[in-house]
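The exercises below are meant to be worked with the sequence and the three-dimensional view side by side. Try each task before reading the solution that follows.

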Number of protein chains: 2
Amino acid sequence: MKTLEEKAEKFNYNDLNERSREILLGIIEGYFGTANPVGSKFIAENSKLNLSPASIRNIMASLEEAGYIYQPHFSAGRIPTAKGYKFYVDSLMKTEQITLKEKEDIEIRLTSANRDLNGILNQVSILLSDLSHYAGVVLAPDMSEANLLHIEFIRIKEKNILAIIVFANGVTENKSFYITKDIKQNELTRYSNKLNEIIEKKHCSLDGLKEIIVEEIHNDKENFYSILNMEIFSSIGNVSGYWDYEHYDNCLYVGPEGDLIEEPEFSNNEQIKFLIKTISDKKNIIKLLGHTKNSKTKQIFIGSEEEWSEISGLSLITAPYISGTNMIMGSIGIIGPLRMNYSHVIPIIDFVSEFLSGII
Amino acid sequence: MKTLEEKAEKFNYNDLNERSREILLGIIEGYFGTANPVGSKFIAENSKLNLSPASIRNIMASLEEAGYIYQPHFSAGRIPTAKGYKFYVDSLMKTEQITLKEKEDIEIRLTSANRDLNGILNQVSILLSDLSHYAGVVLAPDMSEANLLHIEFIRIKEKNILAIIVFANGVTENKSFYITKDIKQNELTRYSNKLNEIIEKKHCSLDGLKEIIVEEIHNDKENFYSILNMEIFSSIGNVSGYWDYEHYDNCLYVGPEGDLIEEPEFSNNEQIKFLIKTISDKKNIIKLLGHTKNSKTKQIFIGSEEEWSEISGLSLITAPYISGTNMIMGSIGIIGPLRMNYSHVIPIIDFVSEFLSGII
DNA sequence: ATTAGCACTCTATATGTTTAAGTGCTAATC
DNA sequence: GATTAGCACTTAAACATATAGAGTGCTAAT
């Protein structure tokens, strides 16, 4: 009987020894290939280690005790746990290079169409699905701190105004709203001209503009600001809550999931339903993408019972994208099975997020 | 042995006799309730006809011969065929009234938010999913013949221009594009002012505007149109191909399908995959919604092997929506199983399409 | 420290049996 | 002549049982 200390030394719980690493890697890569539990015989035959199945079994038992792998039932091979995948991604994986062909594909598909931002983000979600054969997702940026470029008001009909807000990064938002007193188009034009003067001078955000206006009204000697209808301003004021939780319908783009559901894990009916519900509900995906957006670094969420249970059985790889001013950002991601081809998907996410940051 | 003529008389292939209709209705409604094949005993006990199971069996055999029902296997009950559903929808079904609560729900959810058209259409797709518990879909309108309200050009950076095109129905399109020679903002403003003058006078579409400009340039004595940069015009000229097959990514809104996949037909793995692929591929749905848009009437597509096989095993109920000028339109729809609750869904589609036509 | 050998466990597969549902047909009945 | 009771038949689904195969943990030998 070995003591706990001896075991801890042997397998070095924090950073597995060479042999354990090799076997864990073998199990994970074997499982990637077949989607079936991997047994000691397979490892013995396929790894560089010249060990008998019996020795491998010893090490496997320890890896299982340490939580990196598990057995679906007594006489089955081993499957990586979330902890196992995590260790793989952090320490074992050799990241592939993105191919030239993929690079070209990304460049062509994201630059050829002269679309607005919504069109580009939608295109990115489709592109990510196509490249990964999983499901691409894109979280639209939050515009609340973006600098303005231009504001325009158009009278659609009596008491109904359309506000067009153009941000410095090319994003436009349109919002139609009603006011209590009708305003003629030429008065609206004077109003927007005045706002655009301020915008050009101060390079401010929507909130910033609001502050400036309030101050100018305060010092308004010439009474010029009588034309500033505060009703309009409060209507456009909250346009910028682009993806708060009330309007989350419009902030997540999901690429086609036709390839993803062909993965063998989704031959189980419960799993496919969980996947579709998770994706079509959107809320949890938005929450996780929001994490990445806030943390400003690439993140990998591996869903288990204990951690990220909202995507239990699924993995989500995400990275933020940023505008030229480093202010505005959202995030992109790929959803797949735990058994995801991390070494292929991660460079795709890296390249697309970087490329996207460059063009918006 | 009966002759064919006698049978034809008895069951009146074109318009089933009273007794056959009653039994077909019983089978269909029974199948709606349980999703299981319906046998003669069930009909004998649940229909108004006081007939023994044996008599019902006779009639069932004829209904099967005529193609309205079929048996999944020899000793099973009967299931309606696509032809059976069609007959039900056309002749047997009593349409329910939409409830006051549903009406209010629709009105609140489509008027409360002051969104742009894209936001409304997205909201409609979600609303349809919620009300029907199936999957709502919405095809965005084709803007190529829509009247213009306003055009605006904004210089984003050197040689990069953002065009904002506002249509009379409140739809806005934004398109960023590059030109070969830089143009200052004040020249762009002069240009758009001129275009807006024409728009206000002539109430024309984008194509119409193009024609007018070409003609005016032809008669341009004062050389005013030197500022009309044809490069710009050709760039915005093809903005309006809103949902041609090259850009179909952006023209279909699909509501959440979480409820739909809980229907018992999707406990079969093949069927759920077909559903997800059909929905995520979009092309076929767009095609079918396009039919309705062009025919300008409500339509019901019941997918079988023979007809509408692209949605085999699914039903799609669609109706067009139109703008105030009766020119611009798209269509809305609900996708569900063949065993869809038609009498509930059809009035929802009717009301929503009418209501939507009223507000855009 | 490693491994051959073996008993053991569990799944997957095939096979046979039973049950229940529902049919089509025939002959009797209204 | 229309209706129906009765019955033999078909099939799927549920259940039980046997078998093969994969893979394990443990022990004793190397």
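**Exercise 1. Place Arg109(B) in its chain and state how exposed it is.**

Step 1: Following chain B along its sequence, one finds Arg109(B) in helix H6, residues 100-111, where helices (H or I, at least four residues) and strands (E, at least two) are DSSP runs numbered from the N terminus. Step 2: The relative accessible area of Arg109(B) is 22%, so this residue is partly exposed; buried means under 20% relative accessible area, exposed over 50%, and partly exposed in between, with a 1.4 Å probe and protein chains only. Step 3: Arg109(B) and Val124(B) stand 15 residues apart in sequence, and their C-alpha atoms are 8.5 Å apart in space.

Before going on, note that this is a predicted model in which local features need pLDDT of at least 70 and side-chain atom pairs count only at pLDDT 80 or more, while totals for chains, interfaces and linings use all residues. Residues are numbered from 1 along each chain as its sequence is written, chains are lettered from A and ligands numbered from 1 in the order in which they are written, and side-chain values use heavy atoms, with hydrogens and water left out.

**Exercise 2. Work out how chain B is related to chain A.**

Step 1: A turn of 180 degrees, with a shift of 0.0 Å along the axis, lays chain B on chain A with an RMSD of 0.1 Å; the superposition is by least squares on the C-alpha atoms of residues with pLDDT of at least 70 in both copies. Step 2: The two copies are therefore related as by a two-fold rotation axis. Step 3: To find the residue of chain B that comes closest to this axis, look for Asn269(B), whose C-alpha lies at 3.0 Å from it.

**Exercise 3. Find what the salt bridges of Arg78(A), Lys273(B) and Asp350(B) connect.**

Step 1: Side chains of opposite charge can pair when their charged atoms come close. A salt bridge here is a side-chain nitrogen of Lys or Arg within 4 Å of a carboxyl oxygen of Asp or Glu, and a search of the whole structure finds 27 of them over all chains.

Step 2: In chain A, Arg78(A) pairs with Glu64(A), with 2.8 Å between the closest N and O atoms. Because Arg78(A) lies in the loop between strand S1 (69-70) and strand S2 (79-80) and Glu64(A) in helix H4 (residues 53-65), the pair ties together parts that are 14 residues apart in sequence. Arg78(A) is buried, at 11% relative accessibility, whereas Glu64(A) is partly exposed, at 25%.

Step 3: Lys273(B) pairs with Glu262(A), the closest N and O atoms being 4.0 Å apart. Lys273(B) belongs to helix H11 (residues 269-281) of chain B and Glu262(A) to the loop between strand S7 (252-254) and helix H11 (269-281) of chain A, so this salt bridge joins two chains. Lys273(B) counts as buried at 12% relative accessibility, and Glu262(A) as partly exposed at 40%.

Step 4: Asp350(B) and Lys298(B) form a salt bridge whose closest N and O atoms are 3.2 Å apart. This pair links distant parts of the chain, 52 residues apart, with Asp350(B) in helix H13 (residues 342-359) and Lys298(B) in the loop between helix H12 (283-295) and strand S8 (299-302) of chain B. Asp350(B) is partly exposed at 29%, and Lys298(B) is partly exposed at 37%.

**Exercise 4. Describe the backbone at His133(B) and Lys159(B), and say where each residue lies.**

Step 1: His133(B) is not a glycine, although it has a positive phi of about 65 degrees. It sits in the loop between helix H7 (117-132) and strand S3 (135-139) of chain B, and at 45% relative accessibility it counts as partly exposed.

Step 2: Lys159(B), also not a glycine, has a positive phi of about 65 degrees. Its place is the loop between strand S4 (148-157) and strand S5 (160-167) of chain B, where Lys159(B) is partly exposed with a relative accessible area of 33%.
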